[in-house]
Amino acid sequence: MGILKTFSLSVVCGLSFAPPASSEPWLVTETAICAGRLSAELQHKWLIQARDSDETQAARDAMLSRLEALKGAHDAALLAVRIEAKHAHAALLQQASFSGNAVQARWAATQARRQVATCKRLVQGYLEANAS
């Protein structure tokens, strides 16, 4: 199966789980997705020995703390969503870094960058408060 099909399938599977019971179920699900994405991003930065991994690690740690605070009766579903998002994001990063097709590599890099930026915005206030 091609990387785009694998990515699409993993996103669909990850989002097909029932969201946890909460006043804002989308927020809990998005937190789980972002925890997975940021974990994949951090591991990729360690793999390529990027110097800017500290910011990603702080965002991932903040997201994990947020997820822990939001968890409830659907812990297994949230874990599954997090794992699927991590695998999907790792596939994007692998395509961006190691694809022989320059167009696909640029597309994957752009998608990965956008997804991580969205996730970092969810914890931006927390990161700014702790930086002071």
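Asp52 and Lys45 form a salt bridge, with their closest N and O atoms 3.0 Å apart. That pair is a handy way into this predicted model, whose protein chain folds into six helices and zero strands. The structure holds three salt bridges and one disulfide, and we will visit each of them below, along with the nonpolar core and the parts of the model that call for some caution.

**Around Lys45 and the α2–α3 loop**

- Lys45 is found in helix α2.
- Is Lys45 buried or exposed? Its relative accessibility is 11%, so Lys45 counts as buried.
- Its salt-bridge partner Asp52 counts as partly exposed, because its relative accessibility is 46%.
- Setting aside neighbours within four places in sequence, Lys45 is in contact with Ala50, Asp52, Ser53 and Thr56.
- Gln49 sits in the loop between α2 and α3, and Gln49 is exposed, with a relative accessible area of 68%.
- The backbone of Gln49 deserves a look too: its phi is positive, about 55 degrees, although Gln49 is not a glycine.
- For context, most residues other than glycine have a negative phi.

**The other two salt bridges**

- Lys120 pairs with Glu55, and the closest N and O atoms of this salt bridge are 3.5 Å apart.
- This pair links distant parts of the chain, with Lys120 in helix α5 and Glu55 in helix α3, 65 residues apart.
- Lys120 is buried, at a relative accessible area of 14%.
- Arg60 forms a salt bridge with Asp61, where the closest N and O atoms are 3.1 Å apart.
- Arg60 counts as buried at 16% relative accessibility, whereas Asp61 is partly exposed, with a relative accessible area of 34%.
- As a general reminder, side chains of opposite charge can pair when their charged atoms come close.

**The disulfide**

- Which cysteines does the disulfide join? Cys34 is joined to Cys119, with an S to S distance of 2.2 Å.
- Cys34 lies in helix α2 and Cys119 in helix α5, so the pair ties together parts that are 85 residues apart in sequence.
- The link of Cys34 and Cys119 is left-handed, with -80 degrees about the S-S bond.
- Both Cys34 and Cys119 are buried.

**The nonpolar core**

- The largest nonpolar core has 17 residues, and Leu38, Met63 and Val123 touch the most other members.
- Four elements give two or more residues to this core: α2 (25-47), α3 (53-70), α4 (75-98) and α5 (102-122).
- Which element gives the most to this core? Helix α2 does, with six residues.
- Not counting residues up to four places away in sequence, Val123 touches Ala59, Ala62, Met63 and Arg66.
- Among the contacts of Val123 is thus Met63, which is listed with Val123 among the residues that touch the most other core members.
- More broadly, nonpolar side chains tend to be buried together in soluble globular proteins.

**The chain as a whole**

- From the N terminus on, the elements run α-α-α-α-α-α.
- The protein chain has 132 residues, of which 36% count as buried.
- Its accessible surface comes to about 7,700 Å², and 56% of that belongs to carbon and sulfur atoms.
- Among contacts between residues at least 6 apart in sequence, 68% join residues at least 24 apart.

**Where to trust the model, and where to take care**

- The average pLDDT of the protein chain is 83, and 81% of the residues score at least 70.
- Where is confidence lowest, and where is it highest? Helix α1 (residues 3-15) has the lowest mean, at 47, and α5 has the highest, at 96.
- Over residues 7-23, pLDDT stays under 50.
- For residues 7-23 the model has 26 contacts beyond four places in sequence.
- Where pLDDT is low, the predicted coordinates should not be read in detail.

Technical notes:
Residues numbered from 1 in each chain as written. Predicted model: local features only at pLDDT ≥ 70, side-chain atom pairs only at ≥ 80, totals over all residues. Heavy atoms only, no water. Core = buried A, V, L, I, M, F, W, Y, C linked by side-chain atoms within 4.5 Å. Buried < 20%, exposed > 50% of the residue type's maximum accessible area, 1.4 Å probe, protein only. Contact = heavy atoms within 4.5 Å. pLDDT = per-residue confidence, 0-100. Areas by Shrake-Rupley, 256 points an atom, 1.4 Å probe, with all protein chains shown as cover. Disulfide = S-S within 2.5 Å. Salt bridge = Lys/Arg side-chain N within 4 Å of Asp/Glu carboxyl O.
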